[in-house]
Amino acid sequence: MILDKIVADKKRRLPLHKSRISENRMRSLAEETIREKMQHPSFYEALAKPGISIIGEFKKASPSLGKIESKLHLDERIAEYNACVDAISCLTEEDHFHGNIDYLQKIRRMSSLPIIRKDFMIDVYQFYEARAIGADAVLLIAAILDDVQLRDFYQLAGELGMDALVETHDEHEMERALKLDAEIIGVNNRDLRDFTIRLETTKRLSAMVPQGKILVAESGIVNDEDVKFLKDCRVDAFLIGRAFMEAEDSRALAKRWKSL
C-alpha cells in the first residue's frame, strides 16, 4: 500500500532531521517562535470567514502525478497566491512529494498568509519543527494515527499556537475527527491506499459534519464542474494543488472558482 511506504520512509528520515537539530533544541526554537506576535489571521480565521475560502498548495510532485511541471517559479507562484487565495499549503515530505522545510521557510518570508505544513506527521519533533519554521497549522491524517496519537498531536498543535486540519477519508475516520471535536475537518477525495480519486467522498461524508465545523475538500479539484459539485456539498474551503501549480494564471482561476 502506498501510504504504508510513505510512512515507512518518513520514519527512516526522522533520525536524519534529529541529528542536525536535536529535539530539545527544536522545541526551544518552537517556543521562541510562539512568543512572536503573528501579523496575519490564523489558519482557522482564514477559512471561517463567509464564502468559499481557497488554500493554494505549493508542491513539486506526488506519487499519483509524478513530477508537476509548474508554469511559475516559487516566488512568482507565491506572489500570485498572495493576491488570490486565503491560505497556503506547503508540502514538506521529501521522498514522494519532493518537498522540504526550506520551501516553507521561503514561503513564510514571502507571504503574510497563514501556512499549513502538509506532511505525514507521526512524531512530536515534526510539530516543534513546523512551529519553528513558521507554520500556522499542521495536517493530521487520521488514517496513519491511532486515537491516542490523534488526541495528543491535536493538543500539542494547539499548545504550540497552531491549528490542525484533521484529514478523513471514510465514515470511521470522520467519526474519530468528530469525537476529537476538531474545528477544521478535511475530506480527502484521494484514497491514500491506492491514490484513486472520487469527489463523491466529500458528498458522502459532508452529511456527517455538524454546523460550526470548518469543512475542507481536498484533492481532485481541477475544473469548474468539480468546484460546482463540491460547493453543493456545502464545504467551507478547497485545498487546490495541481490545478494551480500547472496554471499560468492562478489568480484568474481562483477568482472564477470563487464566483461559481
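Reader: How many disulfides does the structure hold?
Author: This is a predicted model, and a disulfide requires two cysteine sulfur atoms within 2.5 Å. Cys84 is in no disulfide, since the nearest cysteine sulfur, that of Cys90, is 16 Å away. For the structure, the number of disulfides is zero.

Reader: Is Cys84 buried or exposed, and why?
Author: A residue is called buried when its relative accessible area is under 20%. Cys84 has a relative accessibility of 11%, so Cys84 counts as buried.

Reader: What about Cys233: buried or exposed?
Author: The cut-off for buried is again under 20% relative accessible area. The relative accessible area of Cys233 is 5%, and therefore Cys233 is buried.

Reader: How many helices and strands does the protein chain have, and how much of the chain is buried?
Author: The protein chain has twelve helices and ten strands. It has 260 residues, and the share of them that counts as buried is 56%.

Reader: Why does a radius of gyration of 17 Å agree with a compact globule?
Author: The chain has 260 residues, and a compact globule with that many would have a radius of gyration near 18 Å. Along the principal axes, the C-alpha atoms fill a box of roughly 50 × 40 × 35 Å. The protein chain agrees with the globule value because its own radius of gyration is 17 Å.

Reader: What share of the contacts with a separation of 6 or more joins residues 24 or more positions apart?
Author: Contact here means heavy atoms within 4.5 Å. Among contacts in the protein chain with a separation of 6 or more, the share from residues 24 or more positions apart is 68%.

Reader: Which strands make up the closed barrel, and in what order?
Author: The barrel is closed and has eight strands, with parallel pairing. From one strand to the next, the twist averages 25°. The order is E1-E4-E5-E6-E7-E8-E9-E10.

Reader: Which strands does helix H5 touch?
Author: Helix H5 covers residues 101–110 and packs on the sheet. Its direction makes about 175° with that of E5. The strands touched by H5 are E1, E4 and E5.

Reader: Which strands are joined to E1 by four bridges?
Author: Four bridges join E1 to E10, and the two run parallel; Ser53 stands opposite Ala237 in E10. Four bridges also join E1 to E4, again running parallel, and the bridge partner of Ile55 in E4 is Ala87. The strands asked for are E10 and E4.

Reader: How many residues of E1 are buried?
Author: Ser53, Ile55 and Glu57 point one way from E1, and all are buried. Ile54, Gly56 and Phe58 point the other way and are buried too. The strand is mostly covered, and the buried count is six of its six residues.

Reader: In E5, which residue is the bridge partner of Ile88?
Author: E4 and E5 run parallel and are joined by four bridges. In E5, Ile115 and Arg117 point one way and Ile116 and Lys118 the other way, and all are buried. The bridge partner of Ile88 is Ile115.

Reader: In E9, which residue is the bridge partner of Val187?
Author: Strand E8 (residues 184–188) and strand E9 (residues 214–218) pair in the parallel sense over five bridges. Gly186 stands opposite Val216 in E9. For Val187, the bridge partner in E9 is Ala217.

Reader: Which residues lie on each of the two sides of E9?
Author: E9 is mostly covered, with five of its five residues buried. Ile214, Val216 and Glu218 are on one side, and on the other are Leu215 and Ala217.

Reader: Is Thr168 buried or exposed, and why?
Author: Thr168 is in strand E7 (residues 163–168). Not counting residues up to four places away in sequence, Thr168 touches several residues, including Ile185, Gly186, Val187 and Asn188. Its relative accessibility is 1%, so Thr168 counts as buried.

Reader: Which residues are in contact with Lys59, leaving aside its neighbours within four places in sequence?
Author: Lys59 is found in the loop between E1 and strand E2 (61–62). Lys59 is buried because its relative accessible area is 8%, where the cut-off is under 20%. The residues in contact with Lys59 are Ile68, Leu91, Gly241, Arg242 and Met245.

Key: Residues numbered from 1 in each chain as written. Predicted model: local features only at pLDDT ≥ 70, side-chain atom pairs only at ≥ 80, totals over all residues. Heavy atoms only, no water. Pairing = 2+ DSSP bridges. Axes fitted to C-alpha atoms, helices over the stretch in contact; angles between N-to-C directions. Buried < 20%, exposed > 50% of the residue type's maximum accessible area, 1.4 Å probe, protein only. Rg over C-alpha atoms; globule rule 2.2 N^0.38 Å.
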